[in-house]
Amino acid sequence: MLVFLLDEALTEYEGRRNEMAMAAYQLNLRMASFAPPPEFIQMSYALQGNQADTNRFFMAREGMIPREEFFNPENLQRIMAKA
């Protein structure tokens, strides 16, 4: 019985972990292909000289802050408008 509960808990954990990590995994695949998406290149240029937003960009990518806190339309437009 205990083994069944452990297997069930680990399966549930794996599903949640995979779902949370998928966006970062997909981005890493694109970056490893040396063909980053155009919006990533634009964001890189827009963040030059903007240390506070650069920090928040990487924090959002790494899950240190909620992704939607940085990657929301209003915030992205604000950053792009400054560039």
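In this predicted model, the side chain of D53 forms a polar contact with the side chain of R78, at 2.9 Å. D53 is part of helix α3, which covers residues 51-61. The relative accessibility of D53 is 6%, so this residue counts as buried, the limit for that class being under 20%. When residues up to four places away in sequence are set aside, D53 touches L47, F70, R78, I79 and K82. Of these neighbours, L47 falls within helix α2 (residues 38-47), and R78, I79 and K82 fall within helix α5 (residues 73-82).

Helix α2 packs against both α3 and α5. For the pair α2 and α3, the axes are 9 Å apart and the packing angle is about 145°. The two helices cross in a left-handed sense. On the α2 side, the residues that meet α3 are F40, M43 and L47; on the α3 side, the residues are D53, T54, F57 and R61. Sorted by class, this contact consists of four nonpolar residues, one polar residue and two charged residues. Asp and Arg count as charged, so D53 and R61 are the charged residues in the contact of α2 with α3. D53 thus appears in the contact with α2 and also has the side chain of R78 as a polar partner.

The axes of α2 and α5 come within 8 Å, and the crossing angle is roughly 60°. At that angle, α2 is oblique to α5, because an angle must reach 65 degrees to count as roughly perpendicular and must be under 35 degrees to count as roughly parallel. The crossing of α2 past α5 is left-handed. Here Q42, M43, A46 and L47 of α2 meet L76, I79 and M80 of α5. By class, the contact of α2 with α5 holds six nonpolar residues and one polar residue, with no charged residues. M43 and L47 take part in this contact, and M43 and L47 are also among the α2 residues that meet α3. I79, which meets α2 from α5, is in addition one of the residues touched by D53.

Two prolines lie at or before the start of α2. P36 sits in the loop between α1 (2-32) and α2. With a relative accessibility of 27%, P36 counts as partly exposed. Leaving out residues up to four places away in sequence, P36 touches R30, M31 and I41. P38 belongs to helix α2 itself and is exposed, its relative accessible area being 55%. Distances to E69 were computed for both prolines, C-alpha to C-alpha. P36 and E69 are 33 residues apart in sequence and 22 Å apart in space. For P38 and E69, the separation is 31 residues in sequence and 21 Å in space.

The region around α4 was examined through E68 and F71. E68 is located in helix α4, residues 67-70. Its relative accessibility of 56% places E68 in the exposed class. Between E68 and A83 there are 21 Å from C-alpha to C-alpha, at a sequence separation of 15 residues. F71 occupies the loop between α4 and α5. A relative accessible area of 30% makes F71 partly exposed. Beyond residues up to four places away in sequence, F71 touches F57, A60, R61 and L76. Among these, F57 and R61 are α3 residues that meet α2, while L76 is an α5 residue that meets α2. F71 and D7 are 64 residues apart in sequence, and their C-alpha atoms are 35 Å apart in space.

Notes
Residues are numbered from 1 along each chain as its sequence is written. This is a predicted model: local features need pLDDT of at least 70, side-chain atom pairs count only at pLDDT 80 or more; totals for chains, interfaces and linings use all residues. Side-chain values use heavy atoms; hydrogens and water are left out. Helices (H or I, at least four residues) and strands (E, at least two) are DSSP runs, numbered from the N terminus. Buried means under 20% relative accessible area, exposed over 50%, partly exposed in between (1.4 Å probe, protein chains only). A polar contact is a pair of N or O atoms within 3.5 Å; within protein, one must be able to donate a hydrogen and the other to accept it, and residues adjacent in sequence count only if both atoms are side-chain atoms. Contact means heavy atoms within 4.5 Å. Axes are lines fitted to C-alpha atoms, for helices over the stretch in contact, and angles run from 0 to 180 degrees between N-to-C directions. Angles under 35 degrees count as roughly parallel, over 145 as roughly antiparallel, 65 to 115 as roughly perpendicular and the rest as oblique. A crossing is left-handed if the near helix is turned anticlockwise from the far one by less than a right angle, and right-handed if clockwise.
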